[in-house]
Amino acid sequence: MLIRLSPDAASTDLPSDITPKHAYLNRRALLQQSLGLGLLTGMGAAWSQTGPTPTVVPGKLPALASKRSALENALAVDVPTAYTYASTYNNYYEFGTDKSEPARNAHTLKTKPWTLEIEGLVKKPMRLGLEEVMKLGAMEERIYRMRCVEGWSMVIPWIGFSLSTLVKHVEPLGSAKFIEFVTLADPKTMPNVGSRVLDWPYIEGLRMDEAMHPLTLLTFGMYGEILPNQNGAPIRLNVPWKYGFKNAKSIVKIRFTDKQPATAWNKAAANEYGFYSNVNPNVDHPRWSQATERRIGEDGLFNKKRKTLMFNGYEAQVASLYSGMDLSKNF
Ligand code: MTE
């Protein structure tokens, strides 16, 4: 697969240790071998998938001090989805509701300059430029399973650092119980923001303990490169035990609050999309089962659907956050 690098992506004064994609793939192969998994997992086949041709190609992630997270071991049995699928089969409703539209339309998204505003119940409210945000933490590569509420899934090597790093930096007050994530809604660059399909801006929220969980990733890149626009450049969230829509893209504001945020999908259909939206094979969506999923790139006559795992496979890490809660009521 040929990846064109954008000429302006290299400029940074941060220490640079970029992992090129071929090195990343070699590293994955080595890891697989060291775990004795070799190609049995089908990894070689997956990476040779051609998939559709990406129409928007990003540059390398500047200043990536990449290191393999401990989680990668746990997830080594999962085959990463081919980059071409991850960057062309997207939900980003501001650019259209069809899966192929974000990749076609999101080239209009202007990610430079970018300001992240942090406000609400914190000791140190601040406005930070993208580079300042990126300097707050050491970038890590985290390979996460992602499960969309629609019943498909992917496995994606993200790049970022735990959201908790940023949260600690702004010193939340004791009264802060939730964090609201507000994303860009610019009718000039986002063709679908004029539509009434959602109440713009797209808003998501987490309870404070969910936001502080080390798996919750403030994300700047994927597959060793800066995020393509359609994947939520320049800053998005990844909370791998929750349905995909919790992962707000192109975040412009992070607000600390004492009230549960009114989130975009919950406002649109509260009976279908709860605030928590933890991946749960035992709680059906009112219109379909959530017991199984289709892994993108694995389609084919002989490929069965996969069983969806409780908390998307992260039960050991996150179930304690919800002990004592009725998960069929708090879906
Ligand atoms: N963020 C914004 N701003 N707008 C969106 O439409 N879609 C959500 C989430 N974040 C969405 C968003 C949904 S429904 C999913 S499944 C994931 O992004 C998809 O992320 P991906 O396209 O990178 O797989």
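The exercises below deal with confidence, the ligand site and a strand pair in a predicted model.

Residues are numbered from 1 along each chain as its sequence is written, and side-chain values use heavy atoms, with hydrogens and water left out. In this predicted model, local features need pLDDT of at least 70 and side-chain atom pairs count only at pLDDT 80 or more, while totals for chains, interfaces and linings use all residues.

**Exercise 1.** Find where pLDDT (the predictor's confidence in each residue, from 0 to 100) stays under 50.

Solution. Start with the whole protein: its mean pLDDT is 83, and 76% of its residues reach 70 or more. Next, look along the chain: the values stay under 50 over residues 1–50. Where pLDDT is low, the predicted coordinates should not be read in detail.

**Exercise 2.** Describe the polar contacts (pairs of N or O atoms within 3.5 Å) of the ligand with Asn 90, Glu 94 and Asn 247.

Solution. Take Asn 90: an N or O atom of its side chain is 2.9 Å from a ligand oxygen. Then take Glu 94, whose polar side-chain atom lies 2.8 Å from a nitrogen of the ligand. Last, a polar backbone atom of Asn 247 is 2.8 Å from a ligand nitrogen.

**Exercise 3.** Work out how strands E1 and E2 (DSSP runs of E, at least two residues, numbered from the N terminus) are joined and paired.

Solution. Locate E1 at residues 115–120 and E2 at residues 126–129. A hairpin of five residues connects E1 to E2. The two strands pair (at least two DSSP bridges between them) in the antiparallel sense, over four bridges. Thr 115 has Gly 129 in E2 as its bridge partner.

Terms used: Contact means heavy atoms within 4.5 Å. A polar contact is a pair of N or O atoms within 3.5 Å; within protein, one must be able to donate a hydrogen and the other to accept it, and residues adjacent in sequence count only if both atoms are side-chain atoms.
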